[in-house]
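Q: I should like to learn how to read a model of a protein with its ligand. Could we work through an example together?

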Amino acid sequence: MATEERTGELLKQIHDAVVAYDGETCAQLCKAVLEEGIDPYQAVIKGLAAGMDTVGGLYEKKEYFVPELLLCSDALYAGMDILRPHVKMGQDTRAVGKILMGVIEGDIHDIGKNLVKAMFEAAGWEIYDLDKDVKLQRFVEEQQRTNAEVVAISALMTTSMLAMPKVIEMLKAQNPDVIIMVGGAPLTQEIAQKYGADGYAPDAVSAVHEANRLLAKAI
Ligand code: B1M
């Protein structure tokens, strides 16, 4: 079992490998996480996702540009491929339902949605992933086809999130009982409520807790 110090060191190295868009090192470090008995879930959140947060900041400071962003996300996925099969959520989560997820139309930012998906996978949910730039009508059709209890919609831009109230209205018109969650950097609890969503979560981990809470309330 790794010491707290060693764990911190390894997580920081994973963060740094994402920022340095070094997929090979990132994958090796994630293998070390498994070998040394460190919780892979911590490595996703405090290593990979934290690295991508730093990358976002560098982009905003104009130190990184689009090519670097894409290379960093490749490094994140290289680590994710190693960790994903081993991530297990905590005791308070249960395999409870079906979730339909996607990034709203006009928006191709899918890194966050994929992290959210990995956490739902870890918690044992049955997942239908519509990917990114999903047409509003498609959410409605796929909810009907899959009968998913929860629909989780991501938006990463202040422009694309404007379509959320519309799709929420469409989904509720078809099935008033469907639980709709929204998330993504520009969203807040207040906006989610204003849009008519049933739930909101600021990050991938709390998204699973929120979905469990909403589903337990509904049944
Ligand atoms: Co773009 N981008 N981008 N981008 N990009 C942003 C979002 C932006 C804020 C950058 C900026 O200008 N400061 C800005 C949006 C501005 C706005 O809001 N209006 C922006 C822009 C403008 C654009 C383009 C238009 C640029 C251009 O072409 N001129 C273009 C958009 C094209 C389009 O979508 N139609 C574009 C393109 C790209 C890339 C392709 C280069 C790349 C995306 C690669 C990909 O996703 N496959 C990219 C990236 C990487 C970013 C930033 C740097 C990082 C986003 C990210 O991946 N964050 C971003 C700036 C930033 O965030 N600092 C930016 C890491 C990720 C783990 O976090 O997605 O927030 P996030 O997910 C979190 C939570 O939000 C939450 O959990 C996740 C994990 O904890 N969460 C949920 C997410 N979904 C959830 C759902 C839930 C619950 C929680 O329940 C349903």
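A: The turns below take up the metal, the ligand shell, the backbone and burial. Please keep in mind that this is a predicted model.

Q: Which protein atom serves as donor to the cobalt atom of the ligand?
A: To read a metal site, one looks for N, O and S atoms within 2.8 Å of the metal. Here the protein supplies a single donor to the cobalt atom, namely NE2 of His 109, 2.1 Å away.

Q: Where in the fold is His 109 found?
A: His 109 belongs to the loop that runs between strand E1 (98-103) and helix H5 (111-122).

Q: How many residues surround the ligand, and which come nearest?
A: A residue is counted as near when one of its heavy atoms lies within 4 Å of the ligand. There are 32 residues around the ligand, and those that come nearest are Glu 60, Ile 108, His 109, Asp 110 and Thr 158. By character, the shell divides into 20 nonpolar, eight polar and four charged residues.

Q: Which atoms of Glu 60, Ile 108 and Ser 154 approach the ligand?
A: Polar contacts are read as pairs of N or O atoms within 3.5 Å. A polar side-chain atom of Glu 60 is 2.8 Å from a nitrogen atom of the ligand. Ile 108 uses a polar backbone atom, which lies 2.8 Å from an oxygen atom of the ligand. In Ser 154, an N or O atom of the side chain is 2.8 Å from a nitrogen atom of the ligand.

Q: Which elements give two or more residues to the shell around the ligand?
A: These are helix H3 (40-60), helix H4 (66-83), H5, strand E3 (150-154), strand E4 (179-183) and helix H9 (204-218). The space that the ligand takes is the largest pocket.

Q: What is notable about phi in Tyr 21 and Asp 133?
A: One checks the sign of phi together with the residue type. Tyr 21 is not a glycine, yet its phi is positive, about 40°. Asp 133, also a residue other than glycine, has a positive phi near 50°. Tyr 21 is in the loop between helix H1 (4-19) and helix H2 (23-35), and Asp 133 is in the loop between strand E2 (126-129) and helix H6 (136-146).

Q: Is Ala 148 buried or exposed?
A: Buried means under 20% relative accessible area. Ala 148, in the loop between H6 and E3, has 2% relative accessibility and therefore counts as buried. By contrast, Tyr 21 is partly exposed at 37%, and Asp 133 is partly exposed at 34%.

Conventions. Residues are numbered from 1 along each chain as its sequence is written. This is a predicted model: local features need pLDDT of at least 70, side-chain atom pairs count only at pLDDT 80 or more; totals for chains, interfaces and linings use all residues. Side-chain values use heavy atoms; hydrogens and water are left out. Donors are N, O and S atoms within 2.8 Å of the metal (3.2 Å for Na, K and Ca); water is not among the atoms, so sites may look incomplete. Helices (H or I, at least four residues) and strands (E, at least two) are DSSP runs, numbered from the N terminus. Buried means under 20% relative accessible area, exposed over 50%, partly exposed in between (1.4 Å probe, protein chains only). A polar contact is a pair of N or O atoms within 3.5 Å; within protein, one must be able to donate a hydrogen and the other to accept it, and residues adjacent in sequence count only if both atoms are side-chain atoms. On a 1 Å grid over the protein atoms alone, a cavity is a set of points where a 1.4 Å probe fits but cannot get out, and a pocket is an open set with protein on both sides within 12 Å along at least five of seven lines; lining residues have an atom within 4 Å of a point. A molecule sits in a cavity or pocket if more than half of its atoms lie within 2 Å of its grid points. Ala, Val, Leu, Ile, Met, Phe, Trp, Tyr, Cys and Pro count as nonpolar, Asp, Glu, Lys and Arg as charged, and the others, Gly among them, as polar.
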